[in-house]
Amino acid sequence: MLTQIINARILTPQGWLKDGSVIIRDNKILEVTNCDLALVGAQLIDAKGMYIVPGGVEIHVHGGGGRDFMEGTEEAFRTAVKAHMQHGTTSIFPTLSSSTMPMIYQAAATTEKLMSEPDSPILGLHLEGHYFNMKMAGGQMPENIKNPDPQEYIPLLEETHCIKRWDAAPELPGAMQFGKYISSKGVLAAVGHTQAEYEDIYTAYHAGYSHATHFYNAMPGFHKRREYKYEGTVESIYLMDDMTVEVVADGIHVPPTILRLVHKIKGVEKTALITDALACAASDSQEAFDPRVIIEDGVCKLADRSALAGSIATMDRLIRTMVQKAEIPLEDAIRMASETPARIMGVLDRKGTLERGKDADIIALDQNLNVRAVWSMGKLVEGTNKLF
């Protein structure tokens, strides 16, 4: 099948292409061009001057549409993924909060089954925990948190093939061995839910930890102990030039001014946007999957209001927040939602930008940055045909 999107403002790796067109053949981008001549036999779609940009690559998301990936079932996975796809996510790494090993194995089995389906948007599993600092547990389930255990993680990575990222607190006993092992297996090692200071982060970086989980959240910044001052995890990560970060860009987890600071210091190529969304995202539900969590002020919190517990954001909201509240250029916000996470997760060869030969993962955004259409692997996502 041949599809041609015309009369579009297209974001390419070289910048904006005005009055251009994207030609799709089956599930691939055949061409991105400034020629609007209609192709014989192509389905013609008039973008009416809207933004045509790469689909979002979501690398940290717990659920949506009323379902959580911790449920581990195909139904829960499909429902949550579909809900986020309708808001501009075209590639997704389902995330588990700190879980038991049986829960992880069940979710891994479901992930591998769904990944094997043709044109699947699921690219791998992300484990957020359970090797975290108990003092920084936040919304994690404390009963599941422990120190890294090679008798758990080595067999898991030997027996499964879908785990692409695993987060841990580097100051824990055994965390350096863990980071070296998983990174040697091609799994992204990320720092999270931690009290690490500079020496911990420096050592962790050289042990394979190359990414920071929901930057600024569940980690300390500059602080004092008695009369002396110490760098926090935040400043230590800034000092690691090649370390990438992700931010929950809902405007609540991280204030717009700090989003602007991250963009200024880490830059587009080292900063990814994430939703960190819970089951209630992209849903009419006002209940979280976790009974300890409430929804208030447009965000998920622990019921005692001691910590944020996740977001109700979707990919389109991240982009709007970065542009409209943090005053980041649109092209930078788009790249941080697509190109950068694709690079971080090692899938930039086929995802993250609109280029010839890449997967046809595309979003149409109107002037207010609302989603008007989403194509995943060349197929229009159900419920997003608002261009027609």
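How many bridges join E1 to strand E5 (residues 51-54), and in which sense do the two strands run? In this predicted model, the E1–E5 contact consists of two bridges, and the strands run parallel. Within this pairing, arginine 9 of E1 has tyrosine 51 of E5 as its bridge partner.

Strand E1 offers a good place to begin a tour of the structure. Spanning residues 2-12, E1 is mostly covered, with nine of its eleven residues buried. Besides E5, E1 also pairs with strand E4 (residues 43-46), again in the parallel sense, and here the count is four bridges. Isoleucine 6 finds its bridge partner in E4 at aspartate 46. The pairing of E1 with strand E2 (residues 15-25) is antiparallel and extends over eight bridges. A hairpin of two residues makes the connection from E1 to E2, and across this pair isoleucine 5 is set opposite valine 22 of E2. Both senses of pairing are thus found around E1: antiparallel with E2, and parallel with E4. As general background, strands of a sheet pair through backbone hydrogen bonds, either parallel or antiparallel.

A second sheet lies further along the chain. This open sheet has three strands in the order E18-E19-E20, paired in the antiparallel sense. Strand E18 (293-296) and strand E20 (308-310) occupy the edges; each has a single partner strand, so one side of each is left without a neighbour in the sheet. From one strand to the next, the twist averages 45°. Four bridges make up the antiparallel pairing of E18 with strand E19 (residues 299-302), and in this pairing isoleucine 294 faces lysine 301 of E19.

Lysine 301 also takes part in a salt bridge, with glutamate 296 as its partner and 2.8 Å between the closest N and O atoms. The two residues differ in their surroundings: glutamate 296 is partly exposed at 24% relative accessibility, whereas lysine 301 is buried at 13%. Elsewhere, Lys28, Lys351, Asp359 and Asp361 are joined into one network by salt bridges that share partners.

Which other charged pairs are among the 27 salt bridges of the model? One of them brings together the side chains of glutamate 74 and lysine 113, with an N to O distance of 2.6 Å. This pair links distant parts of the chain, since glutamate 74 belongs to helix H1 (residues 74-85) and lysine 113 to helix H2 (residues 101-115), 39 residues apart. Glutamate 74 counts as partly exposed because its relative accessibility is 27%, and lysine 113 is likewise partly exposed, with a relative accessible area of 48%. Another salt bridge joins lysine 146 to glutamate 152, whose closest N and O atoms are 3.1 Å apart. Here lysine 146 is partly exposed at 31% relative accessible area, while glutamate 152 is buried at 15%. In general terms, side chains of opposite charge can pair when their charged atoms come close.

The cysteines complete the picture. The structure holds zero disulfides. Cysteine 162 is buried, its relative accessible area being 1%, and cysteine 280 also counts as buried, at 4% relative accessibility.

Key
Residues numbered from 1 in each chain as written. Predicted model: local features only at pLDDT ≥ 70, side-chain atom pairs only at ≥ 80, totals over all residues. Heavy atoms only, no water. Buried < 20%, exposed > 50% of the residue type's maximum accessible area, 1.4 Å probe, protein only. Pairing = 2+ DSSP bridges. Disulfide = S-S within 2.5 Å. Salt bridge = Lys/Arg side-chain N within 4 Å of Asp/Glu carboxyl O. Axes fitted to C-alpha atoms, helices over the stretch in contact; angles between N-to-C directions.
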